[in-house]
Amino acid sequence: LKYSEKRELSFFAVMKKLILKTIFITCGIALMLLFAVFGIVSLWAPSAMMNFTASLGMETVSGDYAFQEYERSGNISCLARSFLIASRHKDDRNADQRFEILFGLEGFGEFCESQNTSGEGVPAVSYRSYLCGQAAEVKYRLAKTAEEKEAVCSFAVEETTADFPSGNPVIALTLALAEAKDATASDILLTKISGKGFEQNPDYRNIINILEAVE
């Protein structure tokens, strides 16, 4: 190659490296800014991140942001959401901790009442029963000793009203015990509900039959 041609090739090589370097630097700065914005939004607007991550199908992360939003604003519905998501994904330690906070709030009962659903042709649904049923399943999965299992059974029974409605905590716990084939815990729960004086409706009789069949 002639000298001029070599200089031209060298110039293009230098320019190519410079352009690539500029692209890499620009991308790096853009990523840094993106992470910075992400961190700022996460810190100051976890509710926005909660909805954003949920829209991406990142439900577990969305639940964590929901809990952060509760810590920031005291929004009880976000706390309930964070508990239910953790429960659904069997993140039991976090689910149990979040439920204990929720259950201990002064406005827990009023919040549950506001979430109840009913209407023409729609059976009444107790949101409190639903939450406590999920909590009973979480607590059962965490229980290791007979005493802990008995405490879970007591919780489910105490949170089930005398009319033994559909979807109550005893039903939720019974299904978990049957799935686990836990005869010991089933006997404990059977003893507790037999002496509680529940209305012996079809749901109640079905639960008795299920518990008696667990071996």
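**Note on the predicted model: loops, cavity, pocket and a helix contact**

1. Lys 181 counts as exposed, because its relative accessibility is 64% and the cut-off for exposed is over 50%. The model is a predicted one. Lys 181 sits in the loop between H9 and helix H10 (183-194). Its backbone deserves a look. Phi is positive, about 55°, although Lys 181 is not a glycine.

2. Phe 164 also has a positive phi, near 45°, and is a residue other than glycine. Where is Phe 164 found? The loop between helix H8 (146-158) and H9 holds it. Is Phe 164 buried or exposed? Phe 164 counts as buried, because its relative accessibility is 0% and buried means under 20%. Lys 181, for its part, counts as exposed. H9 borders both loops: the one with Phe 164 lies between H8 and H9, and the one with Lys 181 lies between H9 and H10.

3. On the overall fold: the protein has eleven helices and two strands. From the N terminus, the elements run α-α-α-α-α-α-β-β-α-α-α-α-α. Both strands thus come after six helices and before five more. Of contacts between residues at least 6 apart in sequence, 55% join residues at least 24 apart.

4. On burial and surface: the protein has 215 residues, and 35% of them count as buried. Phe 164 is one of the buried residues. The accessible surface comes to about 13,200 Å². Carbon and sulfur atoms account for 59% of that surface.

5. Next, the internal space. How many cavities of 30 Å³ or more does a search of the whole structure find? It finds one. The volume of the largest cavity is about 30 Å³. Its lining consists of Thr 60, Gly 63, Asp 64, Ser 82, Ile 85, Ala 86, His 89, Asp 91 and Arg 98. Helix H3 (59-73) and helix H4 (76-88) each contribute at least two of these residues. By class, the lining has two nonpolar, four polar and three charged residues. Asp 64, Asp 91 and Arg 98 are the charged residues of this lining.

6. The second largest pocket has a volume of about 180 Å³. H7 and helix H9 (169-180) are the elements that give two or more residues to its lining. Which element gives the largest share? H9 does, with five residues. The full lining is Lys 90, Glu 137, Tyr 140, Arg 141, Ala 172, Leu 175, Ala 176, Glu 179 and Ala 180. Five of the lining residues are nonpolar, four are charged and no polar residue appears. The cavity lining, by contrast, includes four polar residues.

7. Gln 134 is worth checking in the viewer. Gln 134 belongs to helix H7 (residues 127-142), an element that also helps line the second largest pocket. The side chains of Gln 134 and Ser 87 are joined by a polar contact of 3.4 Å. Leaving aside neighbours within four places in sequence, Gln 134 is in contact with Phe 83, Leu 84 and Ser 87. Helix H4 spans 76-88, so these three partners fall within H4 by the numbering of the DSSP runs. H4 therefore takes part in the lining of the largest cavity and, under the DSSP assignment, also holds the partners of Gln 134.

Key: Residues are numbered from 1 along each chain as its sequence is written. This is a predicted model: local features need pLDDT of at least 70, side-chain atom pairs count only at pLDDT 80 or more; totals for chains, interfaces and linings use all residues. Side-chain values use heavy atoms; hydrogens and water are left out. On a 1 Å grid over the protein atoms alone, a cavity is a set of points where a 1.4 Å probe fits but cannot get out, and a pocket is an open set with protein on both sides within 12 Å along at least five of seven lines; lining residues have an atom within 4 Å of a point. Grid points are joined across faces, edges and corners, and a volume is the space filled by probe spheres set on the points. Helices (H or I, at least four residues) and strands (E, at least two) are DSSP runs, numbered from the N terminus. Buried means under 20% relative accessible area, exposed over 50%, partly exposed in between (1.4 Å probe, protein chains only). Contact means heavy atoms within 4.5 Å. Accessible areas come from the Shrake-Rupley method with a 1.4 Å probe; for residues, only the protein chains shown count as cover. A polar contact is a pair of N or O atoms within 3.5 Å; within protein, one must be able to donate a hydrogen and the other to accept it, and residues adjacent in sequence count only if both atoms are side-chain atoms.
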